[in-house]
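Here is a quick tour of one protein chain, written for someone who likes to check things in a viewer. Have the coordinates open and follow along.

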Amino acid sequence: MEDARDLAERTARSERKRRDSFGMFDGYDSCSEESTSSSSSEDSEDDVVRSIPASLPIIKNNGQVYTYPDGKAGMATCEMCGMVGVRDAFYSKTKRFCSVSCSRSYSSNSKKASILARLQGKPPTKKAKVLQKQPLMAKLAAYAQYQASQQNQAKSKSVVPPESFDWGRYICSSSTVGAPVSCFKHAPMGTCWGDIEEGVRIEVPNSDTNLSTKVYWIAEIIKLAGFKALLRYEGFDNDTSKDFWCNLCIPEVHPVGWCASSNKPLVPPKSIQHKYSNWKPILVKRLTGAKTLPMDFTAKVRENMQFPFKKLMRVEVVDKNYLCRTRVALVEQVIGGRLRLVYEDNGLDDFWCHMYSPLIHNIGWSRSIGHRFKRSDVTKKAEGQVDAPAQLFQKVKDVDQSEEWFKDGMKLEAIDPLNLSAICVATVKKVLADGYLMIGIDGSEAIDGSDWFCYHAMSPSIFPVGFCEINNIELTPPKGYTKLPFKWFDYLRETGSIAAPVKLFNKEVPNHGFRIGMKLEAVDLMEPRLVCVATVTRIVHRLLRIHFDGWEDEYDQWVDCESPDLYPVGWCQLTGYQLQPPASQSNRDTPMSVPKQKKKTPQYKGQKKKRKIPVGRRPFSQSGRRRSSFSGDEEQSPPTYCVQGPARPRAHLHPIHKSESLLRMKEDPADGDEFTFTQGTSDQESNGSGSYYIKQEP
């Protein structure tokens, strides 16, 4: 009987405990925050409070005193004993417990009783009191360590140079616009930028606050310029005093709702925090129906910053000393899709281009189309080297060469690769396979053809005869041609040539979205390691005239609207590449080591400046601060340039007249190991029908 009564009593007690546990939140709202400690403990706490520096805010919780450091560590509450303290001093990575004992006790049978006592305002257990003495000292020790780390961080930050160019200030001061990201299909986010426009709301860090922790607030996009956006915190309305520019692709930018899902605080800026007593209904009203970033925006940015080319991949690339042939090169560095290549047989000679550039190809490309190729002295691949897969390279449009096609000797107009500001009279020198052509500039060709260059038939850099005249572009006549102004009809009759048929050229004009005056970041193709601040100054169908801000018009370059060497505003900041700012008047007037170029005499309407090797060898410094990117590769060092003031494209190249360059080429005969493949070529000249009709003038 006694055993039965004991069993019944134990069962009743367990039932009462179960009911208490299930109903433990019934009196939570009325629980007291007052201290239940003894007077002696209160005196000791007062002594502790007096010993704490006045600059530290003091937090009291259940009779315990803690300090809140003025850093970004934040506070945490122990899930076992209810201790409140500095988060960094808590135990484990999750920071859920103040000590190892609380972590172990949480999973024990006394867990529910301890939580119930804390919620009901009852004194903690003896064990909990002992544990509470430790975190206070631990927090103070952590704060001392935190101060030391902050000092060290401040010292390290002091040696980091500031950003050399402020796009936001530059755009606002000149009242210009940046080209939209959607104009650059090859750039990160170029194909998935979506409906990001003015008026979109986002969540960004709140810099207008006195809080020591990192808090966020909602901002509206006021103006877009490439990746960068002019933002205004919600609640400022027409007040522009706190507007700021921000790159939308940095990790600190999030769609509306991210703070709620990530348990991050939304705190209004201090300048307007008293504007409304309750911000919640205001935000609900203003954000209803508003656009924000896609929820996977950050993931897409990271995905777009992954590039397929890796270090030590082997490619074929144009020989910058002999444009008519290619050489094997190794990928040395990848930054934002741009490749720093070094020739396999000369590791000190580098070459910068984009991974979608028409200047690079897969191994074996030259042999397949009949292009000249310089065989490397290296007979065996080094460890880690691998041929870049053919699918990584930009594909060209298939063409049908079986019907009417280009013939050797046909005339056309082409952008001079040695002077990209000029469109010149040119000739088809040789027809290769797969739609490729070897082109030469009339009046400037070397006897051995060493300055021929390869263009695909669908290249946007070649045009039919009369293109410049129709579009009011100055055509550069052959060097030494004296019958000016130049007339195509007379020239074709004098040379006994025919014009390439118009129907063979690329007439597709995409809806590129560029407008005159738009700002962007552009590669100086005469010094391709430099990415410069630039402006679109003219648009002719799909052809863009790119002007480098701060420099004379003679340095302008004709570039296709889909060129992989054009980037949105903020691309350099996103990828960690160095941006060359506009040159000031003082920088341009400062005497340089490079001799000043003489202007051509009026009777010549040819090149406005002396020709230069397009991609000569330049100093490359690996020094300077290493900057990280989202590419997933090792931390890269962007190009560092030894130029005083804003670096001018071609600043490191001495001006070389093309005749001098060709003379050097003639005196330095081609190497004996150079191969010329003839597969798929045509050596016959034709005067067949299909020539471009030119109106005969009386």
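## A cis proline and two odd phi angles

Pro485 sits in the loop between strand E22 (475-476) and helix H12 (488-495). The peptide bond joining Leu484 to Pro485 is cis, with omega at about 0°. Keep in mind that you're looking at a predicted model.

Two loop residues also deserve a look in your backbone plot. Most residues other than glycine have a negative phi, and most peptide bonds are trans. Ser175 isn't a glycine, yet its phi is positive, about 55°. You'll find Ser175 in the loop between helix H6 (167-174) and strand E5 (201-205), and it counts as exposed because its relative accessibility is 64%. Asn263 does something similar: its phi is near 60°, again positive in a residue other than glycine. That one is in the loop between helix H7 (258-262) and H8, and at 71% relative accessibility Asn263 is exposed.

## Strand E25, covered on both sides

How many of the 6 residues of strand E25 (residues 543-548) are buried? The count is 6 of the 6, so the strand is largely enclosed by the rest of the structure. In a regular strand the side chains alternate between the two faces of the sheet. Here, Leu543, Arg545 and His547 are buried on one side of E25, and Leu544, Ile546 and Phe548 are buried on the other.

As for strand partners, E24 (residues 531-540) runs antiparallel to E25 and is joined to it by 6 bridges. One of the pairings puts Ile539 with Leu544 in E25. The E24 and E25 hairpin has 2 residues between the strands, and His541 takes a positive phi near 60° there. E25 also pairs with strand E26 (residues 557-560), antiparallel again, through 4 bridges. In that pairing, Ile546 stands opposite Gln557 in E26.

## Salt bridges, from buried to exposed

The total comes to 29 salt bridges. Start with Lys411 and Asp442, whose side chains meet at 2.7 Å, N to O. This pair links distant parts of the chain: Lys411 is in strand E17 (residues 411-416), while Asp442 is in the loop between strand E19 (436-441) and strand E20 (453-456), 31 residues apart. Are these two buried or exposed? Lys411 has a relative accessible area of 7%, so it counts as buried, and Asp442 is buried as well, at 4%.

Arg286 and Asp237 form another bridge, with the closest N and O atoms 3.2 Å apart. This one also ties together distant parts of the chain, with Arg286 in helix H8 (residues 279-287) and Asp237 in the loop between strand E7 (228-233) and strand E8 (244-247), 49 residues apart. Both ends are partly exposed, Arg286 at 23% relative accessibility and Asp237 at 36%. The two residues also belong to a salt-bridge network that links Arg201, Glu220, Glu234, Asp237, Lys275 and Arg286.

Then there's Asp166 with Arg169, whose closest N and O atoms are 3.8 Å apart. Asp166 is partly exposed at 38%, whereas Arg169 is exposed at 63%.

## Two nonpolar cores

The largest nonpolar core has 64 residues, and Trp193, Leu248, Phe309 and Leu341 touch the most other members. Strand E6 (residues 216-225) supplies the largest share of this core, 6 residues. If you want to pick one residue to click on, try Leu341: leaving aside neighbours within four places in sequence, its contacts include Val315, Val317, Leu330, Val331, Phe351 and Ile360.

There is also a second, separate core of 42 residues; among its members are Val431, Trp488, Tyr491 and Met526.

## A buried histidine and a loop aspartate

His361 lies in strand E14 (residues 360-361) and is buried, at 9% relative accessibility. What lies 3.1 Å from a polar atom of the His361 side chain? That would be the backbone oxygen of Pro358. Leaving aside neighbours within four places in sequence, His361 is in contact with Val315, Glu316, Phe393 and Tyr436.

Asp398, by contrast, is exposed, with a relative accessible area of 73%. It belongs to the loop between strand E16 (386-387) and E17. The C-alpha atoms of Asp398 and Met458 are separated by 9.0 Å, with their positions 60 residues apart along the chain.

Notes: Residues are numbered from 1 along each chain as its sequence is written. This is a predicted model: local features need pLDDT of at least 70, side-chain atom pairs count only at pLDDT 80 or more; totals for chains, interfaces and linings use all residues. Side-chain values use heavy atoms; hydrogens and water are left out. A salt bridge is a side-chain nitrogen of Lys or Arg within 4 Å of a carboxyl oxygen of Asp or Glu. Buried means under 20% relative accessible area, exposed over 50%, partly exposed in between (1.4 Å probe, protein chains only). Two strands pair if DSSP finds at least two bridges between them. A polar contact is a pair of N or O atoms within 3.5 Å; within protein, one must be able to donate a hydrogen and the other to accept it, and residues adjacent in sequence count only if both atoms are side-chain atoms. Contact means heavy atoms within 4.5 Å. A nonpolar core is a set of buried Ala, Val, Leu, Ile, Met, Phe, Trp, Tyr and Cys residues joined through side-chain atoms within 4.5 Å.
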